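User: Could you take a close look at the salt bridges in this model for me? I'd like to know which side chains pair up and how buried or exposed they are.

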Amino acid sequence: MAGTYCRPSACRGSGAGVLGRRIATSWVAAGCNITIRDPNADQRNGALQFINNNIANFAEVLGDTNPRRGQFAAFEDLDTAVKNAWFVVEAVPEKLNLKISTFGDLARKAPKDCIFGSNSSSFKSRLMLADMDVESKKRALNVHCTMPPGSRIVELMTSTHTYDEIFPFLVQKHKEISLLPAVALRESTRKTMSILAEGVSDPKQIDTLWVRPPDPSSCGDVRVENGSLRWMDADGLDTVAFIEDNYIQERGLSGKNTADWLRKNYVNEGKLGAKSGHGGLYLAGYATKPATQEPGHHDNLAAPTLYVLDLGLGENIYVTDGKTARTLVGGLSGPDGTDINFSEGRIFWTNMGIPSENNGSQLCIDHVNKKLYFCDHEGLQVHRVNFDGSQHEIIIQTGHYNKASVKNDQANRCVGIAVDPEHGKFYWTQKGFSKSGKGRILRANITMPSGTTATARSDIETLFDNLPEPIDLEIDSTNENLYWTNRGEYPFGNSVNRGYVGSENKKVAALQFTILTRHLHEACLAIGLRLDMVNKHIYFVDMGGSLYRSNLAGKNKTVIYSGRATFTRLALAHIN
């Protein structure tokens, strides 16, 4: 059997979730071509973005020296995904029936010499083979990756049917991509959850047991950066509960201090870990932070990928992980607003256009109703349109732009836009003249009142006025807090601000706001901001080329990227 699988440019994965995309990136970074199969379009698009954004980082961390990077693609169709594959790793949810059917489909559709690996950490692969033919069972085994690139360990375990020759072959192949394969000699038990449930220790103390200094004799062996509980938060505590169920059933154990405890105290409360925005075993934003780095570091498993517009040098859309940036789109004419939707696999942006006639400004997406909202600064308008450009509507018209006196009054100019489909509202800014203190933030209903027009709506509310120069804004719909940036001079300008706009404020005139943070890049203007409600952070940029992050109270402000650029606005997406 040895050597018959040597098609190193055709590795395949089934499942595009947290681990599936990381396994795929490890192979691509080492120069292997891969495909991913997942029935969910969001997962497929997210996986492709994750790979594209992280290839260089994986190669650096894993120490891959191959200058060539592999090609990658994602498919809904299994037949296309596994064509010509020599190795398939399933990373579907921890449900035995699903794994059985997946392995059966793989046996029927993949090449007859393909190796089938299961990334399951709780099911023995022999339990998944009921729908496979006898020969295919001999090419199946457990191939459990931990969480590359931070943890490079890969556990290989027989299905009791597996050809012996497969193990040295896969050991060599995983070493070639800088992972650390280990052939399991016997089963291991897991006691971490019981220790936590019984109150013997806490997550932070338990995870310190996983951190060890580099071994000078290890020839570059990776140091364990993250503890087991951080990885559980990263995987999702609902997934961990399924895994614990499998251990309980297989070994006849009690679930009191494992799955039952986890569901009662976390899962049923919506605390699913890093992905949930409500935290898990660790608080939101700290669930998977590397133990050897400072608490405010951007580089953690739950951190979003950031898409930043650069107006100046080359006029590009950058994508950044907070440490490095690369150009996604170049040669644009004055990009000024952007947002991203993974269901459609699209990034949208506005261009400034002709300054004296029209000027596309901030743009945001209503993901529920699949609409784009954007402002036309010079046209004195707020627009709404479908993703494909159809059903274009002007929903706010603050004046007639063909009248010079009206057009030149900057108090009429619409700049920032945010939409809250949960409460049926949208918000926009009218900034006023520079340093005039005449800026305003307004809102109206998503559904225009019957019998009204964009120029004469009856539902417009002025929420905040006499502001320095309000620019971009975003709404936290859960807590009904509105966040925005102000241009202008100290003490009120060049700042990030927050105001409550919920139903508890009966009188709009009584609304007040808080200045969260000031003093952005010296002499530069604060413009774009986005909320990361998963980690409870605000990201914002200034035109001096700095990208900042703070918590939702404006504390712990950190410059996470600074470059030779003129940043206008940004978007973010969680594709980890």
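Analyst: Happy to, and here is a walk through the salt bridges. This is a predicted model, in which local features need pLDDT of at least 70 and side-chain atom pairs count only at pLDDT 80 or more, while totals for chains, interfaces and linings use all residues. Residues are numbered from 1 along each chain as its sequence is written, and side-chain values use heavy atoms, with hydrogens and water left out.

The structure holds 17 salt bridges (a side-chain nitrogen of Lys or Arg within 4 Å of a carboxyl oxygen of Asp or Glu). One of them joins K99 to E90, at 2.9 Å from N to O. Both K99 and E90 are buried (under 20% relative accessible area, with exposed meaning over 50% and partly exposed in between, using a 1.4 Å probe and protein chains only). E90 and K99 also belong to a network of salt bridges with E94.

Another bridge links K173 and E176, at 3.6 Å from N to O. These two residues sit about one helical turn apart, because they are three residues apart in helix α6 (residues 166-176); helices are DSSP runs of H or I with at least four residues, strands are runs of E with at least two, and both are numbered from the N terminus. K173 is buried, at 9% relative accessibility, whereas E176 is partly exposed at 43%.

Finally, K370 pairs with E344, with the closest N and O atoms 3.6 Å apart. K370 lies in the loop between β14 (360-366) and β15 (371-376) and E344 in the loop between β12 (335-341) and β13 (346-351), so this pair ties together parts that are 26 residues apart in sequence. K370 counts as partly exposed at 43% relative accessibility, and E344 is partly exposed at 32%.
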